Amino acid sequence: MLGRRSDVLAWNRTGHALFAGHLDPASPDHLDRRPNTARLVFLDAHTRDLYEDWPKKARDAVGRLRLAVGRYPDDPVLATLIGQLVMHSPEFTAMWSEHRVRAWDIANYRMRHPLVGAMDVTQQAMSVPNEQGQRIVVVTAEAGSAAQAALTLLAQASAPVVGRLPSNSIS
């Protein structure tokens, strides 16, 4: 679940493994360490490498931030985020100056995940009723595709191990 500034408010295990397995899984629970998808897209090498067409993902992130600024022009935290991105990312600055607004609900991306490889996924954002600016992002792959198999493998790899005895124990 994302907030109006693209802050990660919550993620399930598979979402964490897909987008930010290199981050602490509990980071959305800590206000001071909460991941932000726009910051990740522009300032995090792992996230940049995830998207085969990184400029498309980056334009979508900028367009979403432009929409947020239009809806919440007096949000000082949002202004700070924009300032940080302008100061640390020339690509963000160039895209921001284009003034494109993008309220995407569905986007298709080719991802290159370090554990499960290449996959074509659809990311769908759905507004959370009665929660200003919050949205749930669902990632799917075509049924029966290699991408679906990769997502299933990622889900299995990120699942907690339950009931397994230590290798040195006798059963």
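## Ser27, tucked into a loop

Ser27 counts as buried, at 4% relative accessibility. Buried here means under 20% relative accessible area, exposed means over 50%, and partly exposed is in between, with a 1.4 Å probe and protein chains only. Ser27 sits in the loop between α1 and α2 (37-43). Setting aside its neighbours within four places in sequence, Ser27 is in contact with Trp11, Arg33, Arg34 and Pro35; contact means heavy atoms within 4.5 Å.

A word on what you are looking at: this is a predicted model, where local features need pLDDT of at least 70, side-chain atom pairs count only at pLDDT 80 or more, and totals for chains, interfaces and linings use all residues. Residues are numbered from 1 along each chain as its sequence is written, and side-chain values use heavy atoms, with hydrogens and water left out.

## The whole chain

There are 7 helices and 3 strands in the chain. Both are DSSP runs numbered from the N terminus: helices are H or I with at least four residues, strands are E with at least two. Starting at the N terminus, the elements go α-α-α-α-α-α-β-β-β-α.

The C-alpha trace spans about 65 × 35 × 35 Å along its principal axes. Of the 171 residues, 37% count as buried. Among contacts between residues at least 6 apart in sequence, 56% join residues at least 24 apart. The chain's accessible surface comes to about 9900 Å², and 54% of that belongs to carbon and sulfur atoms; such areas come from the Shrake-Rupley method with a 1.4 Å probe, and for residues, only the protein chains shown count as cover.

## Helix α1 and its cover

Helix α1 covers residues 13-20, and its buried residues are Gly15, His16, Ala17, Leu18 and Ala20. What lies over them? The cover for the buried residues of α1 includes α3 (45-50), β1 (106-113), β2 (117-127), β3 (135-140) and α7 (146-158).

At the start of α1, a side-chain oxygen of Asn12 comes to within 3.3 Å of the backbone nitrogen of Thr14.

Helix α7 is also home to Thr152, which is partly exposed with a relative accessible area of 40%. Thr152 and Leu9 are 143 residues apart in sequence, and their C-alpha atoms are 23 Å apart in space.

## Helix α4

How does the span of α4 compare with what 1.5 Å a residue predicts? The 18 residues of this helix (54-71) should span 26 Å, and the end C-alpha atoms are indeed 26 Å apart, which agrees. The expected span is 1.5 Å times one less than the number of residues.

Plenty of α4 residues are buried, namely Trp54, Lys57, Ala58, Asp60, Ala61, Val62, Gly63, Arg64, Leu65, Arg66, Leu67 and Ala68. Lys56 and Asp60 both belong to α4 and are 4 residues apart, about one turn of the helix. An α-helix has 3.6 residues a turn, so residues three or four places apart point the same way. The side chains of Lys56 and Asp60 meet in a salt bridge (3.9 Å, N to O). Lys56 is partly exposed, at 25% relative accessible area, whereas Asp60 is buried, at 4%.

## Other salt bridges

The structure has 9 salt bridges, each one a side-chain nitrogen of Lys or Arg within 4 Å of a carboxyl oxygen of Asp or Glu. Side chains of opposite charge can pair when their charged atoms come close. Glu98 and Arg100 are one such pair, with their side chains meeting at 3.3 Å, N to O. Salt bridges that share partners also join Arg4, Arg5, Asp7 and Asp75 into one network.

Inside that network, the closest N and O atoms of Arg5 and Asp7 are 3.9 Å apart. Arg5 and Asp7 are both buried. Back at the other pair, Glu98 is partly exposed, with a relative accessible area of 41%.

## Out on the surface

Met1, Met126, Ile136 and Val138 make up a nonpolar patch on the surface, with about 290 Å² of accessible area together. Patches are made of residues with over 30% relative accessible area and no salt bridge; like charges are joined within 9 Å, and nonpolar side chains (Val, Leu, Ile, Met, Phe, Trp, Tyr) within 5 Å. Val138 belongs to strand β3 and is partly exposed, at 33%.

Two loop residues have a positive phi without being glycine: His99, near 60 degrees, and Asn130, near 65 degrees. His99 sits in the loop between α6 (90-96) and β1, and is exposed at 53% relative accessible area. Asn130 sits in the loop between β2 and β3, and is exposed at 79%.

How values were computed
Polar contact = N/O pair within 3.5 Å; in protein donor to acceptor, adjacent residues only side chain to side chain.
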